[in-house]
Amino acid sequence: VSTQSATVVHSMTSGSAAQRARIECEAGSYLEYLPDAQILFPGSRFRSEVAIRLSGNALAVVADSFLGHDPEGQAGVFSAYFSEIVVEDEAGTSLAVDRLRIDGAAFAESCPGLSGCYAAQGTMIVAGFDLPAKTVVAELRRISLDRQIAVLGFSQLPNNAGLLVRVLAADGAALKLALYRAWCAARRALKGSCPQERRK
């Protein structure tokens, strides 16, 4: 499941935009939810919330990502970005929570610092209680990226809920490439083959 294209979050003088998704995976199911990035215009405020509820041996690969963009070329920055991805068991108990809260002005001035010189960020969760974590990690370790355009790291989620992958990228194209390679790694580990690239 994906989106037609990236989602533009326009500038706003007040209020904020929000997007919420709830994913319920029954036992034996496999789901990939991989929307394109949110493109944050100057002055925008955006909140993304994704909840993944797993039953039995269900598996889910879920991504969330963003980058800032000023169509006027004046180096304007977004105001605020919040992302939350929660992995739950079938009873609705939260097992793992990943949160990002970023102030746009601080993000723009953090080179070097919180995000180095990378203008885009992505998160991918590979969730599942029966996840072959060692196999997924081995595939993730095979990913090779030019550090000038993107870096990737990963860690295990608490409560045996799966793995978290974080990407920092120089721009939207680099972000898309890095997330695609992470998706390939997960797909090879879980299904034995890499997904075909999609034209949009």
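The exercises below, each with a worked solution, concern a predicted model.

**Exercise 1. The strand β7 and its partners**

Determine whether strand β7 is buried or exposed, and identify the strands with which β7 pairs and the sense of each pairing.

Solution. Begin with accessibility: strand β7 covers residues 80–88, and eight of its nine residues are buried, so the strand is largely enclosed by the rest of the structure. One residue of this strand that can be checked directly is Glu88, which has a relative accessible area of 7% and therefore falls under the 20% limit for a buried residue.

Next, take the pairing with strand β5 (residues 45–54), which runs in the parallel sense and comprises nine bridges. Within this pairing, Ile52 has Val87 of β7 as its bridge partner.

Then turn to strand β8 (residues 94–103), which is joined to β7 by nine bridges and runs antiparallel to it. Here Glu84 is matched with Arg99 of β8 as its bridge partner. The strands β7 and β8 form a hairpin in which five residues stand between them, and Gly92, in the turn, has a positive phi of about 90 degrees.

**Exercise 2. The disulfide**

Find how many disulfides the model contains, and describe the geometry and surroundings of the cysteines Cys184 and Cys194.

Solution. The count comes to one disulfide. The pair is Cys184 and Cys194, whose sulfur atoms are 2.3 Å apart, and this distance satisfies the criterion because a disulfide requires the two sulfur atoms to lie within 2.5 Å. As for the handedness of the link between Cys184 and Cys194, the value of 45 degrees about the S-S bond makes it right-handed.

The position in the chain follows: Cys184 belongs to helix α3 while Cys194 lies in the segment after α3, so the link ties together parts that are 10 residues apart in sequence.

Finally, compare the accessibility of the partners. Cys184 is buried, at a relative accessible area of 4%, whereas Cys194 is partly exposed, with a value of 34%. Another cysteine, Cys25, has a relative accessibility of 4% and counts as buried.

**Exercise 3. Salt bridges across the chain**

State how many salt bridges the model contains, and work through the pairs Arg20 with Glu49, Arg22 with Glu88, and Arg187 with Glu32.

Solution. Recall first that side chains of opposite charge can pair when their charged atoms come close. The total comes to nine salt bridges.

For the pair Arg20 and Glu49, the closest N and O atoms are 3.4 Å apart, which lies within the 4 Å cut-off for a salt bridge. This pair links distant parts of the chain, with Arg20 in strand β2 (residues 17–25) and Glu49 in strand β5, 29 residues apart. Arg20 is exposed, at 59% relative accessibility, while Glu49 is buried, at 18%. Arg20 and Glu49 are also linked with Arg47 in a network of salt bridges.

For the pair Arg22 and Glu88, the N to O distance is 3.2 Å. Since Arg22 lies in strand β2 and Glu88 in strand β7, the pair ties together parts that are 66 residues apart in sequence. Arg22 is partly exposed, with a relative accessible area of 48%, whereas Glu88 is buried, at 7%.

For the pair Arg187 and Glu32, the N to O distance is 2.7 Å. Arg187 lies in helix α3 and Glu32 in strand β3 (residues 30–33), so this salt bridge ties together parts that are 155 residues apart in sequence. Arg187 is buried, at 18% relative accessibility, and Glu32 is buried, with a relative accessible area of 11%.

**Exercise 4. The largest pocket**

Give the volume of the largest pocket, and establish which residues and elements line it.

Solution. The largest pocket holds about 520 Å³ of space. Its lining comprises 22 residues, of which Asp36, Lys176, Leu177, Tyr180 and Arg198 are the closest to its centre. The elements that contribute two or more residues to this lining are β6 (59–68) and α3 (172–191), and α3 gives the most, with eight residues.

As a last step, sort the lining of the largest pocket by class: 13 residues are nonpolar, three are polar and six are charged.

Definitions and conventions
Residues numbered from 1 in each chain as written. Predicted model: local features only at pLDDT ≥ 70, side-chain atom pairs only at ≥ 80, totals over all residues. Heavy atoms only, no water. 1 Å grid on protein atoms, 1.4 Å probe; cavity = no way out; pocket = protein on both sides within 12 Å on 5 of 7 lines; lining within 4 Å. Points joined across faces, edges and corners; volume = space filled by probe spheres on them. Helix = DSSP H or I, 4+ residues; strand = E, 2+ residues; numbered from the N terminus. Nonpolar A, V, L, I, M, F, W, Y, C, P; charged D, E, K, R; others polar. Buried < 20%, exposed > 50% of the residue type's maximum accessible area, 1.4 Å probe, protein only. Pairing = 2+ DSSP bridges. Salt bridge = Lys/Arg side-chain N within 4 Å of Asp/Glu carboxyl O.
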